[in-house]
Amino acid sequence: MNPNPSVVFVEPGDNYKLIVKFDNDEIRIFDVTPYLDKGIFNELKNIDYYRQVKVAFGSVEWPHEQDFSKDTLYMLSDIAA
């Protein structure tokens with residue numbers, strides 16, 4: 001079984017949807033909204049903070065170390081139209 005691809009680019013889209021490009025050239029949409037009321041992710045409700053997302057170690061993270069693994073991002077996202 002192949003490991004899931006790594007993130008090479010992320011853009012904070014509208015409505016808390018991350019646009020994520022993986023190293024297999026797939027572009028996928030990951031919905032952050034189901035996580036906004038869960039503990040550490042609460043801070044992402046601040047739209048200015050949410051927009052500070054960046055690629056880190058093949059994954060994505062925010063300045064205060066909230067993150068989503070490449071596996072979560074890949075398996076729970078939809079292919080961009």
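**L18 and strand β2**

I started with L18, which I found in strand β2, residues 17–22. This is a predicted model, so I read the notes below as computed values. Is L18 buried or exposed? L18 is buried: its relative accessible area is 0%. I also checked how L18 sits relative to R51: the two are 33 residues apart in sequence, yet their C-alpha atoms are 9.4 Å apart in space.

Next I walked along β2 to see where the side chains go. They alternate. L18, V20 and F22 point to one face and are buried, whereas K17, I19 and K21 point to the other and are not.

**What β2 pairs with**

I looked up both partners of β2. On the β1 side, the strands run antiparallel and five bridges join them. I picked out one bridge there: I19 in β2 is the partner of E11. β1 and β2 make a hairpin with four residues between them, and N15 in that turn has a positive phi of about 55°.

With β3, residues 27–31, β2 also runs antiparallel, and five bridges join the two. I19 turned up again here, with I29 as its bridge partner in β3. Which residue takes a positive phi in the hairpin of β2 and β3? I found D25, with phi near 75°, in a hairpin that has four residues between the strands.

**The other sheet**

I then moved on to β4, β5 and β6. These three strands form an open sheet in the order β4-β5-β6, with antiparallel pairing. The edge strands are β4 (54–56) and β6 (67–68), each pairing on one side only. Between β4 and β5 (residues 59–61) I noted three bridges in the antiparallel sense. One I wrote down is V55 with its partner V60 in β5.

**The nonpolar core**

Back to L18, this time for its company. The largest nonpolar core has 20 residues, and the ones touching the most other members are L18, V32, V60, W62, F68 and L73. Which elements supply at least two residues each? I got β1, β2, α1 (47–50) and α2 (70–75). β2 gives the largest share of this core, three residues. That fits the general picture: in soluble globular proteins, nonpolar side chains tend to be buried together.

F68 was worth a closer look. Leaving aside neighbours within four places in sequence, F68 is in contact with F30, V32, Y35, F41, S59, V60, W62 and L73.

**Aromatic pairs**

I counted eight aromatic pairs. The pair I opened up was F22 with Y74, which is edge-to-face: 5.1 Å centre to centre, with 85° between the planes. It links distant parts of the chain, since F22 is in strand β2 and Y74 in helix α2, 52 residues apart. Are these two buried or exposed? F22 is buried at a relative accessible area of 0%, and Y74 also counts as buried, at 17% relative accessibility.

Then F41 and F68. Their ring centres are 4.8 Å apart and the planes are at 10°, so I logged the pair as stacked. F41 lies in the loop between β3 and α1 while F68 is in strand β6, so this pair ties together parts that are 27 residues apart in sequence. Both F41 and F68 are buried. Following the ring pairs outward, I found F30, Y35, F41, W62 and F68 linked into a cluster.

What lies over the face of Y74? I found R28 there, at 4.6 Å from the ring centre.

**N4, before the strands**

Last entry: N4, placed in the segment before β1 (7–12). N4 counts as buried because its relative accessibility is 18%, and the cut-off for buried is under 20%. Which side chain does the N4 side chain meet in a polar contact? It is the side chain of D71, at 3.1 Å. Not counting residues up to four places away in sequence, N4 touches K70, D71, Y74 and M75. Y74 in that list is the residue I had already paired with F22.

Key
Residues numbered from 1 in each chain as written. Predicted model: local features only at pLDDT ≥ 70, side-chain atom pairs only at ≥ 80, totals over all residues. Heavy atoms only, no water. Buried < 20%, exposed > 50% of the residue type's maximum accessible area, 1.4 Å probe, protein only. Polar contact = N/O pair within 3.5 Å; in protein donor to acceptor, adjacent residues only side chain to side chain. Contact = heavy atoms within 4.5 Å. Core = buried A, V, L, I, M, F, W, Y, C linked by side-chain atoms within 4.5 Å. Pairing = 2+ DSSP bridges. Phe/Tyr/Trp six-rings, centres within 6.5 Å; stacked < 30°, edge-to-face > 60°. Lys NZ or Arg CZ within 6 Å of the ring centre and 35° of its normal.
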